[in-house]
Structures are given as C-alpha cells and as structure tokens.
Amino acid sequence: MSFDIHNKKHQIESSLQRMDKTKDITKVNKAHILKFYNNCVAEGLSLGRILSYLELLKKIAAILKKDFKKADRDDIVNVFQIIESKDYASASKRDFKITIK
C-alpha cells in the first residue's frame with residue numbers, strides 16, 4: 001500500500017482542470033493529453049511521473065499552438081528552440097525532449 005503524502009492525485013486533478021479551462025491548448029490536443037493520461041494510469045505509472053508528463057505536455061502544446069498530429073519537423077524544431085532559450089535546468093530540458101519523442 002502506497003501513500004500519497006504529496007497529494008499527487010489532487011495535483012493531477014487540478015492540472016487536468018486547468019488544462020480544460022485554458023485557451024492556450026487546442027481541443028484536439030486536450031483530448032490527446034487526456035488519452036495519454038488514461039494510458040499512463042492503465043500502465044500503472046507512478047502519480048509523480050504522470051503529473052510530470054501532464055505538465056510537460058501542457059507546456060509543449062501551448063508552445064506548439066497546433067494539433068500534435070499536424071506538427072511537422074519544423075514545428076518540433078521550433079519547440080526545441082523555444083525550450084532551449086528558456087531558463088530551465090538542463091534536466092528539465094532533457095525531460096521536455098524525452099516527452100516530445
């Protein structure tokens with residue numbers, strides 16, 4: 001039995017609610033992210049890992065400003081370029097790249 005001492009379940013619920021309300025992410029991408037979330041739960045990923053993926057995907061979707069499936073190589077390169085220009089730690093930049101792949 002594991003305990004959710006950091007209340008990750010609530011954080012995930014809040015993250016999904018914020019995603020639903022934002023206008024920075026297309027409806028199609030919101031659906032893709034929700035489907036990915038459901039797959040992560042079904043695979044038994046930890047709540048921390050799921051929360052991390054949700055937050056990264058939301059940021060990527062907001063930067064991309066188009067449906068994931070319509071993104072081409074130039075769009076992805078642009079997302080990488082924007083992420084690299086931000087003041088993120090190198091580990092965070094690596095996580096973004098892993099999530100995009």
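These are short exchanges on how some labels in this predicted model are justified.

Me: Why is Asp75 called buried or exposed, whichever applies?
Reply: Its relative accessibility is 19%. Buried means under 20%. So Asp75 counts as buried. Asp75 lies in helix H4, residues 73-85.

Me: What makes the pairing of Asp75 with Lys66 a polar contact?
Reply: The two side chains come to 2.8 Å. The cut-off is an N or O pair within 3.5 Å, with one atom able to donate a hydrogen and the other to accept it. The pair therefore qualifies as a polar contact.

Me: Which residues does Asp75 touch, not counting those up to four places away in sequence?
Reply: Leu64, Lys66 and Lys70.

Me: Why is Lys58 called buried or exposed, whichever applies?
Reply: Lys58 has a relative accessible area of 11%. The limit for buried is under 20%, so Lys58 is buried. Lys58 is found in helix H3.

Me: Which residues is Lys58 in contact with, leaving aside neighbours within four places in sequence?
Reply: Ser15, Arg18, Met19, Ile25 and Ile33. Contact here means heavy atoms within 4.5 Å. As for Lys27, it is 31 residues from Lys58 along the chain, and their C-alpha atoms are separated by 12 Å.

Me: Why is Lys65 called buried or exposed, whichever applies?
Reply: Its relative accessible area is 62%. Exposed means over 50%, so Lys65 is exposed. Lys65 sits in the loop between H3 and H4.

Me: What is phi of Lys65?
Reply: Near 60°, a positive value in a residue other than glycine. Most residues other than glycine have a negative phi.

Me: Which residues of H5 are buried?
Reply: Lys93, Phe96 and Thr99. They cover an arc of only 125° around the axis, which puts them on the same side of H5. The buried residues of H5 pack against H3 and H4.

Me: Which residues lie nearest the centre of the largest pocket?
Reply: His32, Phe36, Leu57, Phe68 and Thr99, out of a lining of 16 residues. Two or more lining residues come from each of helix H2 (27-43), helix H3 (47-64), H4 and helix H5 (90-100). H2 gives the most, with 5 residues. The pocket holds about 370 Å³ of space.

Me: How many lining residues of the largest pocket fall in each class?
Reply: The lining has 11 nonpolar, 3 polar and 2 charged residues. Phe and Leu count as nonpolar, so Phe36, Leu57 and Phe68 belong to the nonpolar class.

How values were computed. Residues are numbered from 1 along each chain as its sequence is written. This is a predicted model: local features need pLDDT of at least 70, side-chain atom pairs count only at pLDDT 80 or more; totals for chains, interfaces and linings use all residues. Side-chain values use heavy atoms; hydrogens and water are left out. Helices (H or I, at least four residues) and strands (E, at least two) are DSSP runs, numbered from the N terminus. Buried means under 20% relative accessible area, exposed over 50%, partly exposed in between (1.4 Å probe, protein chains only). On a 1 Å grid over the protein atoms alone, a cavity is a set of points where a 1.4 Å probe fits but cannot get out, and a pocket is an open set with protein on both sides within 12 Å along at least five of seven lines; lining residues have an atom within 4 Å of a point. Grid points are joined across faces, edges and corners, and a volume is the space filled by probe spheres set on the points. The arc is that of the directions from the helix axis to the C-beta atoms.
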